[in-house]
Amino acid sequence: MSSEIRDVVIIGSGPGGLTAAIYTGRANLRPLVLEGEPSSTGDQPGGQLMLTTEVENFPGFPSGVMGPDLMLAFREQAVRFGAELQTVKASRVELTQGSPFGIWVGDPTTEEPTHRARCVIVATGAEALMLGLPAEDRLIGHGYSTCATCDGFFFRDQDIAVVGGGDSAIEEATFLTRFARTVTIVHRRDTLRASKIMQDRAFSNEKIRFLWNSVVTDIVGESKVEGVEIEDLTSGVRQVHPFTGLFVAIGHRPNTSLFAGQLDMRANGYLQTVPGRTATNIPGVFACGDVQDDYYRQAITAAGSGCAAAIEAERWLEGTH
Ligand code: NAP
């Protein structure tokens, strides 16, 4: 436990958290960033861009940039301005008693928090959803994946499937055609949710096939994926398809469980901030990035809101401390 009261602790290290770290660092607030720890449940220091390949729409990179390279650059820039980054996960927060706030790392039952801070910036992002099948736990990392970028390489010349009908599913399927022999998109309806340009890209890719009105009901294989049981919702017929890889791209869940009962949330679990601002219901606690954004969900909008959170935190500290 540290007796020091920090000006700012930032929880999360995606584009939102690290932009907040750059700005609060440059304001001489010596931010501490709890950047998280990698885990099988989807925790990812650096955020979701660590799981992507090429980012073509982040301004300033006319030829594109690899997601992990971009996040490394964010990180270096934050450190340059005095941010301290720790590769640990916050296990508990106490925000309701007001500033200074308590943040625990490790054992959440200890009386004293690990860190105390006048301001907290929440930037815990969102994580990939899974199908909820019992076989997922057994086969994740063994042919079952939520990250094409991480695992696509292992499926060279294989026949694999992607679940979902949104931009993520189409993006992942298109990326996977670099490796796989065929990629079958399994979608529960007969129309895609993905944007027109992404749809056109998929429809014109000769390696991509579609199973419409279909859902995955089981994954076959003890130690690796050997087949995927799929139900045709129109006929009710279930059939095992000989796919050796299954990628799931069905959306995301905000990482907000740490703040349950303390920070206001919308019905879908995303943090509620004052409209057009990053302020939460607790003065001195700000939220930025995907944890409070279920609409844009882009790296650049997360970075923009990280900047906003830092400026709001700075002004709040000036006014109250
Ligand atoms: P999304 O748009 O919410 O799409 C999720 C897809 O998964 C939907 O097609 C949904 O089916 C399906 N789905 C959800 N739960 C399912 C379940 N339990 N079983 C089977 N299918 C299920 O999520 P996303 O594709 O991750 O995209 C999220 C946001 O990021 C979007 O705003 C998207 O535009 C953006 N994005 C943009 C890009 C890009 O521009 N390059 C790339 C990725 C994501 P239904 O259609 O039937 O609901």
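This passage walks through a parallel sheet, two of its crossover units and a set of aromatic contacts in a predicted model.

A good place to start is the sheet itself. Five strands make up an open sheet, and their order across it is β10-β17-β11-β12-β13, with parallel pairing. Its edge strands are β10 (144–145) and β13, each of which pairs on one side only. Moving inward, β11 and strand β17 (residues 245–248) are joined in the parallel sense over four bridges, and here I160 stands opposite G245 in β17. Strand β11 (residues 159–163) also runs parallel to β12, to which five bridges join it. I160 appears again in this pairing, with V183 as its bridge partner in β12. On the next step across the sheet, β12 and β13 pair in the parallel sense over four bridges, and T184 stands opposite R209 in β13.

Strand β12 (residues 182–186) deserves a closer look. Five of its five residues are buried, so the strand is largely enclosed by the rest of the structure. In a regular strand, side chains alternate between the two faces of the sheet. In β12, T182, T184 and V186 point one way, while V183 and I185 point the other way, and all are buried.

Helices connect these strands in a way that is easy to follow along the chain. β11, α5 and β12 make a right-handed β-α-β unit. A right-handed β-α-β unit is also made by β12, α6 and β13. The strand β12 thus takes part in both units.

Helix α6 (residues 196–203) shows a buried face and an exposed side. M198, Q199 and A202 are buried in this helix. Seen down the axis of α6, these buried residues fall within an arc of 100 degrees, so they line one face of the helix. On the other side of α6, K196 and I197 are exposed. What do the buried residues of α6 pack against? Their packing partners are α5 (167–176) and β13 (208–211).

Attention now turns to the aromatic side chains. The structure holds nine aromatic pairs. In one of them, the rings of F58 and F61 have centres 6.2 Å apart and planes at 55 degrees, so this pair is tilted. F58 is buried, with a relative accessible area of 11%, whereas F61 is partly exposed, at 32%. Is the pair of F210 and W212 stacked or tilted? Its ring centres lie 4.8 Å apart and its planes stand at 5 degrees, so the pair is stacked. W212 has 30% relative accessibility and counts as partly exposed. Elsewhere, ring pairs link F153, F154, F175 and F179 into a cluster.

Aromatic rings also meet arginine side chains in this model. R26 lies over the face of F81, at 5.3 Å from the ring centre. In another such arrangement, R92 lies over the face of W104, with a distance of 3.7 Å from the ring centre.

Conventions
Residues numbered from 1 in each chain as written. Predicted model: local features only at pLDDT ≥ 70, side-chain atom pairs only at ≥ 80, totals over all residues. Heavy atoms only, no water. Buried < 20%, exposed > 50% of the residue type's maximum accessible area, 1.4 Å probe, protein only. Helix = DSSP H or I, 4+ residues; strand = E, 2+ residues; numbered from the N terminus. Arc of directions from axis to C-beta. Contact = heavy atoms within 4.5 Å. Pairing = 2+ DSSP bridges. Right-handed = clockwise from strand over helix to strand, strands pointing away. Phe/Tyr/Trp six-rings, centres within 6.5 Å; stacked < 30°, edge-to-face > 60°. Lys NZ or Arg CZ within 6 Å of the ring centre and 35° of its normal.
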